[in-house]
Amino acid sequence: MEDTISAVATAWGEGGIGIVRISGPKSYEILQRIFIPKRPPLVHRQLTYGQIVDPSNQNVIDEVLAVFMQAPHTYTTEDIAEIHCHGSSVALQRVLALTLEHGARIAEPGEFTKRAFLNGRIDLSQAEAVIDLIRAKTEKSFDAAMNQMEGVLSQKICAIREKLTDLLVTIAVNLDYPDEDIEEITYEQMDNSLRDIESAISLLLETAQTGKLLREGISIAIAGKPNVGKSSLMNQFLRESRAIVTDIPGTTRDTIEESLNLRGFPVRLIDTAGIREAGDIIEKIGIEKSKEVLAGADFVIFMLDGSRPLTLEDREAASHIREKKALILVNKTDLDCVLTEEEAKSLIPDASVMFTSMESGEGMREAEEYIFRMLCNGDVVSEQMPFITNVRHIDCIKKAQEEIQAALLLCQSNQALDFIEVNVRQGFEYLGEIIGETVSDTIIDEVFSRFCLGK
Ligand code: GDP
């Protein structure tokens with residue numbers, strides 16, 4: 001029989017309420033022992049007012065609302081009890097301790113959701129969406145996670161796997177009963193099916209880049225020599241978009257870094273000026289650090305002072321970003337502009353050039369639009385398509401695609417069916433890893449280890 005697990009499901013700290021959640025066969029028994037309803041009986045799925053009392057000494061621990069939900073229609077599909085305490089960590093600790101004394105064990109991080117997965121209520125990609133949902137910093141990231149949690153991705157994956165199953169069955173019949181009077185599959189038919197499957201996979205992958213950015217966010221470094229307007233740009237961005245409250249450590253002493261919501265994308269904006277200043281004592285360290293940040297950034301905004309001719313310092317600053325995706329902003333257009341687009345572009349030939357003024361705000365909308373389009377990869381993503389947000393999923397889909405492409409090549413050179421079958425089957429397995437059907441325990445443990453306690 002499964003253990004009964006218990007944990008505080010709400011965040012630690014002060015709060016109006018805090019919830020202790022218990023899941024497993026002993027949930028009801030534990031609740032009965034420690035909860036005394038004001039007006040018995042305790043009705044299934046009905047929130048009931050009462051007290052948590054320590055049965056060993058009759059001490060009242062807290063006044064609470066409690067609910068019992070019977071299996072199987074619960075989060076974990078097991079019996080679940082929830083105790084809504086006052087949001088004090090003392091109350092929560094005491095109630096949690098009582099549940100442990102009376103037969104529960106403390107839940108591991110993500111164990112409630114893991115049980116929902118192991119008991120077959122949700123698949124692995126849906127379970128992963130739960131954590132994305134909790135961590136989402138913008139509406140768009142939240143929506144993408146919600147979409148995945150509701151099974152949109154799973155449905156697409158299952159649909160492709162069904163086509164692969166059909167193909168595998170046909171191949172197997174042809175291999176196993178070659179002499180029987182069955183319809184023989186032709187290479188042309190197989191080629192058609194494989195192409196159809198390959199294009200369905202490619203379509204899924206199209207959303208991967210945008211999806212990954214939505215889930216993980218994007219880091220944009222602002223570079224340029226001193227006084228071109230980098231901090232002013234940072235302030236403009238912060239004024240126009242809402243800053244995100246983030247728990248990711250990063251605003252360290254020597255980097256000026258802000259998190260913001262750029263049209264639904266979580267963005268980390270890093271001003272490399274802060275890094276240089278920190279290097280005052282040993283300038284070299286500052287420059288090295290600046291290079292490091294630039295190398296790690298997904299995108300660079302390189303700024304120039306349009307009211308002054310280019311200098312060696314501009315060229316030196318630009319030389320570190322040749323390899324990066326970049327946008328050049330020729331700033332201070334409210335002053336007399338002496339820089340041309342060609343001159344600016346000569347510094348980083350692959351970058352686009354835009355003109356801005358941090359003083360008047362000119363060009364800011366266009367710059368933001370440019371960055372947004374770059375984030376969306378230029379594609380308009382259709383509403384029905386799920387975003388593939390998770391690197392693990394992207395990896396599995398790419399591997400599946402490679403297998404199908406390999407099968408196509410074999411098919412085109414009329415190779416033996418059993419060769420082709422190997423790749424098709426492997427593609428089927430890779431897609432199965434996404435939803436957790438063909439996945440190792442190591443991967444499952446790895447997925448759930450990222451969860452927080454009580455989820
Ligand atoms: P940073 O050293 O690159 O971070 O540059 P700052 O943002 O600190 O700006 C340096 C100076 O240029 C400040 O005095 C700003 O007010 C000024 N500045 C920044 N952008 C503009 C602009 O578009 N027009 C004008 N006229 N001044 C600007």
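Helix 3 (residues 111-118) lies across strand 1 (5-8), strand 2 (15-23) and strand 7, and runs at about 135° to strand 1. Helices here are DSSP runs of H or I with at least four residues, strands are runs of E with at least two, and both are numbered from the N terminus. Angles run from 0 to 180 degrees between N-to-C directions, with axes fitted to C-alpha atoms, for helices over the stretch in contact. The model is a predicted one, in which local features need pLDDT of at least 70, side-chain atom pairs count only at pLDDT 80 or more, and totals for chains, interfaces and linings use all residues. Residues are numbered from 1 along each chain as its sequence is written, and side-chain values use heavy atoms, with hydrogens and water left out.

The strands beneath that helix bring me to the first sheet. Strands 1, 2 and 7 belong to an open sheet of 7 strands, ordered 3-4-5-6-2-1-7 with mixed pairing; two strands pair if DSSP finds at least two bridges between them. Strand 3 (35-37) and strand 7 (105-106) are the edge strands, each pairing on one side only. Within this sheet, strand 4 (residues 48-54) and strand 5 (residues 59-69) run antiparallel and are joined by 7 bridges. Tyr 49 has Leu 65 in strand 5 as its bridge partner.

I turn to the second sheet. It is open, has 6 strands in the order 9-10-8-11-12-13, and its pairing is mixed. Strand 9 (256-262) and strand 13 (352-355) stand at the edges with a single partner strand each, so one side of each has no neighbour in the sheet. From one strand to the next, the twist averages 25°. Strand 9 runs antiparallel to strand 10 (residues 265-271), and 7 bridges join them. Leu 262 stands opposite Phe 265 in strand 10. Helix 8 (residues 208-216) lies across strand 8 (218-223) and strand 10, at about 70° to strand 10.

Phe 265 also takes part in an aromatic pair. The whole structure contains 4 such pairs, where rings of Phe, Tyr and Trp (its six-membered ring) pair if their centres lie within 6.5 Å, and planes under 30 degrees apart count as stacked, over 60 as edge-to-face and the rest as tilted. Phe 265 and Phe 372 have ring centres 6.0 Å apart and planes at 70°, so this pair is edge-to-face. It links distant parts of the chain, as Phe 265 is in strand 10 and Phe 372 is in helix 14 (residues 364-375), 107 residues apart.

Finally, the helix packing. The axes of helix 6 (residues 152-176) and helix 16 (residues 417-435) come within 9 Å and cross at roughly 155°. That makes the two helices roughly antiparallel, the term for angles over 145 degrees, with those under 35 roughly parallel, 65 to 115 roughly perpendicular and the rest oblique. The crossing of helix 6 and helix 16 is left-handed, meaning that the near helix is turned anticlockwise from the far one by less than a right angle.

Helix 16 also packs with helix 15 (residues 391-412), at an angle of about 165° and with the axes 8 Å apart. Helix 15 and helix 16 are therefore roughly antiparallel, and their crossing is left-handed.

Key. Contact = heavy atoms within 4.5 Å.
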